[in-house]
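Trainee: Could you walk me through one part of this protein's surface up close? I'd like to see how it fits with the rest of the chain.

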Amino acid sequence: MLNMNNIYLISDVPGYPPQISRLLSMMNYARYTTLEAVKNLSVHELDFLLDAESNSIGALLLHFAAVEYAYQVETFEKRELNEEEMSIWGAAIHLGEEGREKIKGNDLSYYVTKLNEVRERSYDLFKTVNDDWLDQQEEFWHNKQANHYFMWFHVLEDEINHRGQIRMVRKRLHS
């Protein structure tokens, strides 16, 4: 679905309604720039830690997939991650010490595969709803209402925010 001919267009995506298309267009661009930011990194570079409190690039990549998966479950299935899913995604969701201990030793293709698998699931799930679904509200952070549009915007902005960290870590790899 990542159409490089249209990567700079926030527009209709075949098979999706207009607002969902625009959200997917933004998610696709964010993913494209993320993948460009990590291109050709070695396992050592993906595991590099700036200090004892930082997250590795690999952990941040898996975090993107974990957050997107968690929001799929929350918004489409109306539930929280179960015990089995937390055993798969917990370290990537929480990051920190757990992430530093458990997320390492993987090559770039491992992370890209996880990102692609989760994104493909998002594409499939978004085909099941219309633009009105984006406006549906439910209780979210701090007992406040949020709509699905905001929740998926958060998936997007979380990746953009952490991609900034990735770029900073990458610059420090060889300094």
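**A close look at W141**

Mentor: Let's start with W141, which is partly exposed, with a relative accessible area of 40%. Keep in mind that this is a predicted model. Partly exposed covers the range between the buried cut-off of 20% and the exposed cut-off of 50%, so that's why W141 gets that label. As for where to find it, W141 sits in the loop between β1 (137-139) and β2 (145-147). It has company, too: together with F150 and F153, W141 makes up a nonpolar patch on the surface. The accessible area of those three residues together comes to about 290 Å².

Now zoom out to see where that loop belongs. The protein chain has 8 helices and 2 strands. Reading from the N terminus, the order is α-α-α-α-α-α-α-β-β-α. The radius of gyration is 16 Å, close to the 16 Å from the globule rule for 175 residues, so the chain is as compact as a globular protein of that length. Along the principal axes, the C-alpha atoms fill a box of roughly 50 × 40 × 25 Å. Buried residues account for 47% of the 175 residues.

While you're looking at the surface, check out a charged patch as well. D51, E53, E97 and E101 form a negative one. Of these, E101 belongs to helix α5 (residues 96-102). Like our tryptophan, E101 is partly exposed, and its relative accessible area is 47%.

Notes
Residues are numbered from 1 along each chain as its sequence is written. This is a predicted model: local features need pLDDT of at least 70, side-chain atom pairs count only at pLDDT 80 or more; totals for chains, interfaces and linings use all residues. Side-chain values use heavy atoms; hydrogens and water are left out. Patches are made of residues with over 30% relative accessible area and no salt bridge: like charges are joined within 9 Å, nonpolar side chains (Val, Leu, Ile, Met, Phe, Trp, Tyr) within 5 Å. Accessible areas come from the Shrake-Rupley method with a 1.4 Å probe; for residues, only the protein chains shown count as cover. A salt bridge is a side-chain nitrogen of Lys or Arg within 4 Å of a carboxyl oxygen of Asp or Glu. Helices (H or I, at least four residues) and strands (E, at least two) are DSSP runs, numbered from the N terminus. Buried means under 20% relative accessible area, exposed over 50%, partly exposed in between (1.4 Å probe, protein chains only). Lys and Arg count as positive and Asp and Glu as negative; His and the chain ends are not counted. The place of a charge is taken as NZ of Lys, CZ of Arg, CG of Asp or CD of Glu. The radius of gyration is taken over C-alpha atoms; the globule rule is 2.2 Å times the number of residues to the power 0.38.
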